[in-house]
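The following report describes selected features of a single protein chain, moving from one residue outward to sheets, helices and cores. Please read it alongside the coordinates.

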Amino acid sequence: MELDKKSMSYDVTDLTSLEKLEPVRVRPGMYIGSTGSKGLHHCIWEILDNAIDEITNGFGDKATIILNKDKSVTVIDNGRGIPTGIHPIKKKSGVEMVFTELHTGGKFDNKNYKTSGGLHGVGAAVVNALSEWLEVEVCQNGEVYKQRFEYAYDKHLKKLMPGTPVTPLKVVGKAKYTGSKISFMPDKSIFSTIDFKFDVIDERLQELAFQNKGITLELIDNRKDEPMTKVYHSERGLLDFIDYLNESKTVLHEPILFEGEREVNGISLSGEICMQFTDSTTEYIASYVNNIPTTDAGTHEAGFKTGMTRAFKEWAKKLNLIKDKDKEFEGDDLREGLTSIVRIKISNPIFEGQTKNKLGNNEAYTMMNDLVYTKLCEWIEDNKETAGQLINNAMEAAARRDKIKKINEAEKKKVGKGTAPLAGKIAVCTLKDPSFCEFIVVEGDSAGGSAKQARDRRFQSIMPSKGKIMNTEKQKLENVLGSEELKIFNAAIGTGILNNYNESELKYDKIIIMSDADVDGYHIRTLWMTYIYRYMRPLITNGHLYIALPPLYKVYKTDKKGEVVVYAYSDEEMEKCKKEVGKGALIQRYKGLGEMNPEQLWETTLNPTTRTLQQVTIEDASKAEKIVSLLMGDVVEPRKNYMYKYAEF
């Protein structure tokens, strides 16, 4: 192919320059992570973080989020209010600078904020850039100031621009208090949904209240006929938080709570830890930096783990619990059954990315390592009996780990000899590129047989699941590893489990659970999700896990014009489909996937162009942890209360 020389030319006329807030709309994912539900809620967090920064630095004690009927959202705080004065160089008000210029804020030095979650000075401007409109009210100096921004025509640039001021900052009334009120309407041309989820915001506010004892947070939902208000307040802070997380678990001792301050390389840090061991076999650590959840952990969490392991190993020898011949436990063994909240406040945090999921400061590692080691050594000295029990548990876990290693090695040898557990169990697709391939777990041999016939053999692999797998929330690790069904699944997916998980070995981009739309089907789905959440969680966090939603009804009729077939996924849809098909419509209620022939199964549940898939996400890690423990654990009362509360759902 001969290239057009003109198309190959490259000079200054080919360069484009994005003005003001345009870069945010061109690459929103760089600033808020995604344009889906997670990114939508991140807009609230950017505004809320600024309000919480005011509160945690001693200015104000209350913040409110209001979900409005028109799908806009309002965030109110009683802090000092965004500066309204005119900047001497920019000749603009502080309000206009904050909402129209990236990297504008009062947090680049430590004069106004000792610590902050809103770090980069881009949050407010980013929200403005991704909104149809945004209104700011500031109560300051006894006056109420107001300004409105819109995606509108900029007379200077002579084009439509995001976040354009359409009114000047002007006084609209008298104020009796100080603070800021920000309302914005997310742009539906940017986001795949602009429906804010009450549960997601509810969980974040609950966490913030636990982390900042004594403050008051409020969530008001005005979207329904009867407005709903929920208030969040905690007097015990992290002690209330640990009780909340462990409500459905059997705890082994009273919570351990400690805090401390350090200065490392001229950076001030303060840490607070609350931890408690349960009889669970899994660990859960919720970590935060300046109130921001660090879902990808970071140096503060690594320092916590190192300091904890050091303290317990040292005392294991002092208490003569480990003999020379004994196999020494590792940090992973020690943390079996641990629930912990790790908080750090740091004056100059270094985050990886604007969405602040991972902390990078080495100072945080040094500080946490030292603080946790020192405080836990003191606790162990005062609680030798409990500490001894925890050390014995860690040694038992180490022995199990050794046993599991031998099991894994035996499985690898089987694979080497050609007796891999996949043989005859899975209908494997022909394509080898994981980015195109799907692994579908189908409930029952009957539906599995139909699915094998119906699938597209190029990219869809089918695994029939025989009934219900074990409830892995209640099982010891060696029992889980001994499950034949789970062995088959693990071998097929290829990533390994727990700390051995390796994303680069993943053989399928989509893992799809396909079960009947009945109580048993939901239970099977929940058992699989529990296993994946506990043992292969990155499949969820990296967006690989999906639920297939089969139809409940086939609505059809045959007349002179031919056959009309429509599928409905709920009773409401069925009524609409009846009207759509018209007079003489017949209804078939599917009792399960096994009732569908291969053609119907392909059309409704397997065909990528016509099926309905629901992606499984973890909107909030602590909420997911609590729900999995509550629904699948041994403690009955909290589960009963939850089921009564959500009986209709």
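Lys230 has its place in strand 9, which spans residues 228-232, and in this predicted model the residue counts as partly exposed, with a relative accessibility of 30%. The C-alpha atoms of Lys230 and Glu218 are separated by 5.8 Å, although the two residues stand twelve residues apart along the chain. When residues up to four places away in sequence are not counted, Lys230 touches Asp202, Leu217, Glu218 and Leu219, so that Glu218 appears among the contacts as well.

**Strand 7 and its partners**

Seven of the eight residues of strand 7 (residues 179-186) are buried, and the strand is therefore largely enclosed by the rest of the structure. Strand 2 (residues 73-77) is joined to strand 7 by five bridges, and the two run antiparallel; within this pairing, Thr74 has Ser183 as its bridge partner in strand 7. Strand 3 (residues 131-140) also pairs with strand 7 in the antiparallel sense, here over eight bridges, and Trp133 has Met185 as its bridge partner in strand 7.

Another antiparallel pairing is that of strand 4 (residues 143-154) with strand 5 (residues 159-165), which five bridges join. Phe149 is matched with Pro165 in strand 5 as its bridge partner. Strand 4 and strand 5 form a hairpin with four residues between them, and in the turn Lys158 has a positive phi of about 60 degrees.

**Two asparagines with positive phi**

Most residues other than glycine have a negative phi. Two asparagines with a positive value are set out below, each with its loop and its accessibility.

| Residue | Phi | Loop | Relative accessible area |
|---|---|---|---|
| Asn265 | near 55 degrees | between strand 10 (256-264) and strand 11 (267-277) | 64%, exposed |
| Asn290 | near 50 degrees | between strand 12 (284-289) and strand 13 (292-293) | 3%, buried |

On which side of the burial cut-offs does Asn290 fall, buried or exposed? With a relative accessibility of 3%, Asn290 counts as buried, because buried means under 20% relative accessible area, whereas Asn265 is exposed at 64%.

**Nonpolar cores**

The largest nonpolar core has 49 residues, and those with the most contacts inside it are Ile65 and Phe99. Helix 4 (residues 37-56) gives the most to this core, contributing nine residues. Apart from this core lies another, of 41 residues, which includes Ile273, Phe329, Leu334 and Cys377. As general background, nonpolar side chains tend to be buried together in soluble globular proteins.

Leaving aside neighbours within four places in sequence, Phe99 is in contact with Leu21, Ile82, Ala124, Ala125, Asn128, Leu134, Val136, Phe149 and Ile182. Among these contacts, Phe149 is the residue that has Pro165 as its bridge partner in strand 5.

**A mixed sheet and a helix that packs on it**

Five strands form an open sheet in the order 16-15-17-18-22, with mixed pairing. Strand 16 (460-465) and strand 22 (613-615) stand at the edges, and because each has a single partner strand, one side of each is left without a neighbour in the sheet. From one strand to the next, the twist averages 25 degrees.

Within this sheet, strand 15 (residues 438-443) and strand 17 (residues 510-514) run parallel and are joined by five bridges; the bridge partner of Ile440 in strand 17 is Ile512. Helix 13 packs on the sheet, where it touches strand 15 and strand 16, and its direction makes about 165 degrees with that of strand 16.

Helix 13 (residues 445-454) also approaches helix 19 (residues 598-606): the axes come within 8 Å and cross at roughly 80 degrees. How are helix 13 and helix 19 set relative to each other? The two helices are roughly perpendicular, because angles of 65 to 115 degrees count as such. On the side of helix 13, the residues that meet helix 19 are Ala447, Ser450, Ala451, Gln453 and Ala454, and their counterparts in helix 19 are Pro598, Leu601, Trp602 and Leu606. By class, the contact between helix 13 and helix 19 has seven nonpolar residues, two polar residues and no charged residues.

Terms used. Residues numbered from 1 in each chain as written. Predicted model: local features only at pLDDT ≥ 70, side-chain atom pairs only at ≥ 80, totals over all residues. Heavy atoms only, no water. Core = buried A, V, L, I, M, F, W, Y, C linked by side-chain atoms within 4.5 Å. Buried < 20%, exposed > 50% of the residue type's maximum accessible area, 1.4 Å probe, protein only. Contact = heavy atoms within 4.5 Å. Pairing = 2+ DSSP bridges. Axes fitted to C-alpha atoms, helices over the stretch in contact; angles between N-to-C directions. Parallel < 35°, antiparallel > 145°, perpendicular 65-115°, else oblique. Nonpolar A, V, L, I, M, F, W, Y, C, P; charged D, E, K, R; others polar.
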